[in-house]
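Visitor: I'm new to this one and don't want the whole tour. Could you pick a single part and show me closely how it sits among its surroundings?

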Number of protein chains: 2
Amino acid sequence: MAFISFPSTFIGTNVKAASFSRRSRSAVRTTPIASAVPRNANLKKLQAGYLFPEIGRRRRAYLEQNPGADIISLGVGDTTMPIPEHICSGLVGGASKLGTEEGYSGYGAEQGMGPLREKIAQVLYKGTVKSDEVFVSDGAKCDISRLQQVFGATATVAVQDPSYPVYVDTSVMMGQTGLYDESKGQFEGIQYMQCDAENDFFPDLSKVKRTDLIFFCSPNNPTGAAATREQLTQLVNFAKKNGSIIIYDAAYAPFINNPDVPTSIYEIPGARDCSIEVNSFSKYAGFTGVRLGWVIVPDELKFADGSAVRDDFNRIMSTCFNGASSISQNGGLACLEDSGRKEIEDLIAYYLGNAAVLRKTMLELGFKVYGGTDAPYIWVGFPGKKSWDVFSEILDKAQVVTIPGAGFGPGGEGYLRLSAFAPREACEEACKRLRAMYAGVPAA
Amino acid sequence: MAFISFPSTFIGTNVKAASFSRRSRSAVRTTPIASAVPRNANLKKLQAGYLFPEIGRRRRAYLEQNPGADIISLGVGDTTMPIPEHICSGLVGGASKLGTEEGYSGYGAEQGMGPLREKIAQVLYKGTVKSDEVFVSDGAKCDISRLQQVFGATATVAVQDPSYPVYVDTSVMMGQTGLYDESKGQFEGIQYMQCDAENDFFPDLSKVKRTDLIFFCSPNNPTGAAATREQLTQLVNFAKKNGSIIIYDAAYAPFINNPDVPTSIYEIPGARDCSIEVNSFSKYAGFTGVRLGWVIVPDELKFADGSAVRDDFNRIMSTCFNGASSISQNGGLACLEDSGRKEIEDLIAYYLGNAAVLRKTMLELGFKVYGGTDAPYIWVGFPGKKSWDVFSEILDKAQVVTIPGAGFGPGGEGYLRLSAFAPREACEEACKRLRAMYAGVPAA
């Protein structure tokens, strides 16, 4: 075999060519350096970068100006606790066996290992979902993008406002929208379903126009609102009446405590005719870096022509994806064994404990505080203020990274999201700093 | 926390509803079960299923009719050797450390770990590529789909014929093509660049119309042809003349022995202005189930408007993807250490040994045989025969699974692909059976 080798002068030549081309752009040039390939007009519509890398950039910029600053992150919802012992042994076992003749396996099914699909159906859905309706993946974000590919450029879309930015961004990328309207902070062609304190963070569906797809996240990222059985029944009835398909993002379902809050859309009668559910091991088990999620596409779900949505999703999964890592899938199996489930309960309890600490502090400081009881996110009102300004002020004065609500859509303006995914001591220290910062300052 | 729980009667209700709806489709029905969401017209254009699952289905069907048949697979190019010790220890270490406070990490950069990007640039590209031009991913198939998302529905595309089916399928899915033309076996709007024995499996570029993108795989899947420096220079000049972008799939580069065959497109002067390179650890290190690949997007690569292709690829990677598993990335780091590289050399030598065994047999049986010296695939001519018929005949008479050339495009008709990814004994046994089957039969 040969590894790649180059003439040593090679990169030098290119660098020269590139800088030459830059200098000569306005002068005579015989061979153009830029290709003749047009830029994808849909990507051009997108605003700035994807939210979370932007937060990272601002954090780094702050650190450059304030070297050595002791920053606490309550920003990106990234797990911080080590993976518990039994689940970790599943990952380690999955890796080790690849080194043995008996244990080695190559390509798996693009839809995931049979036993894991079975276990998700049995353990998490108590058998109300069939194993071949479960598609195992490398995570919910990737699945949302693949679902957009299933429905294509002509699909119309509704999203909660505020919402996880991936729904809107992937919709824009697919060409489902018009241009960005600066004055509204919205893309033309998307239905933004207002979710705020006035409507208990559940949209007034009588004001929502019919769309093909309804992205709905509960417990919600970023507001932390968890839709009740009654609210979800309204949503399912609305979708069925309109012949819409709900893409239900249940990635935060394990944080639900309230018995009136369903942990799956399929608890609602009729949901199997009109709903896809997206979920993930990221927040269940600290798998944000391990990468493992799943999607449920019920057999009953049909396009207008009567063909099965499941078949087209399967075609996308097998053509544009090659299965989640077998190592991650072995970790997923361990999650769903009894010892794994016990470990997950402890993990979730830990993060909900953090959420309680953050909630209490912000309430005591006099803010309006939402979420954080059935979700790992606390949504704090700063009425009349620009959320990016509040973000910068808190970063500057308390060295705490949060997420400005406006990053989740225009409906998030005036709010800040605090994440409970952090070590307990970090949450406590952040609270101490926020108390110092806001001491004596009348909130809002 | 609460796991999902349902009223126990729930699935019963749905099953009944579904079967009711099926019965009543032609009768009166008040609430329609099918949604009003139109099926994506581009997915409707696709022919049958994705090739490799189709091979699996035929194999299973054969086994059902012939229970206990001892089938040997020389079909899907899936690695079979265990992951060698040092590399496996990288994977195990990557998994174990997630269980510790010091070693735990959550979301990584969507573009991959810095040290791995650096190592790919330094070790595999000898520094002729910069680390921030390297995007680490979960594999080449997924990257091809993401690259199609970058260029969008208006991009025009050329592919080698025959070629890896993902180029054409993802192009159809993106809406870059017209309908399938049954008589030609081609999609309207795609440029099929004929590659056959007559042109040494390199297209006559004087006959190829300009397209925005040129998918080019070398060493080629399925033909095993490895383009020489001179051929690739022609290709790069052709792309530059037309302002096209080459998407160069180098997933089989480590199998190259011939010193006249470049292992990266960037060995060709000017390639950085017009080429993206896709690559993968799958065939380097038996990572087909581990999932790890990378893409190089040089800084110099520009759209017609002068904006950087790299920026849009970065936007797709950070919005539609969430990074490769950190465990897989630790395995990738181990691959690029000295001991890992030695292990990879041995693995590649083993599979090339298999290829030699298969080549020799087919040559001695009197077939025209191509590839297999700088590639793990052997391309065997069965002129005048339908390749799906030859596939079925060999499965039936020798219980050997191959891949019919027609599965790779109309240019593959009359050929069969044999994969060297198998245990040595399996290759030898397959050869014994093929010799028995074709003994005394004049080949073609």
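Guide: Let's look at one helix, then at another one, and finish with how the two chains are arranged. This is a predicted model, where local features need pLDDT of at least 70, side-chain atom pairs count only at pLDDT 80 or more, and totals for chains, interfaces and linings use all residues. Residues are numbered from 1 along each chain as its sequence is written, chains are lettered from A and ligands numbered from 1 in the order they are written, and side-chain values use heavy atoms, with hydrogens and water left out.

Our pick is α14 of chain B, residues 424-438 (helices are DSSP runs of H or I, at least four residues; strands are runs of E, at least two; both are numbered from the N terminus). With 15 residues at 1.5 Å each, α14(B) should span 21 Å, and its end C-alpha atoms are indeed 21 Å apart (the expected span is 1.5 Å times one less than the number of residues).

Now, which residues of α14(B) are buried? They are A426(B), C427(B), A430(B), C431(B), R433(B), L434(B), M437(B) and Y438(B) (buried is under 20% relative accessible area, exposed over 50%, partly exposed in between, with a 1.4 Å probe and protein chains only). Looking down the axis of α14(B), the buried residues fall within an arc of 165°, so they line one face (the arc uses directions from the helix axis to the C-beta atoms). On the face turned away from them sit the exposed E425(B), K432(B) and A436(B). And the cover over that buried side? It includes β1 (72-73), α12 (338-364), α13 (387-398) and β13 (400-401) of chain B (contact means heavy atoms within 4.5 Å).

For a companion, hop over to α3 of chain A, residues 51-65. It has 15 residues and reaches 22 Å from first C-alpha to last, close to the expected 21 Å. Buried in α3(A) are L51(A), F52(A), E54(A), I55(A), G56(A) and Y62(A). Among the elements covering the buried residues of α3(A) are α7 (165-173), α13 (387-398) and β15 (415-419) of chain A.

Last, the two chains. Turn chain A by 180° with a shift of 0.0 Å along the axis, and it lands on chain B with an RMSD of 0.0 Å (a least-squares fit on C-alpha atoms of residues with pLDDT of at least 70 in both). The copies are therefore related as by a two-fold rotation axis. Both use the same surface: 98% of chain A's contact residues recur in chain B.
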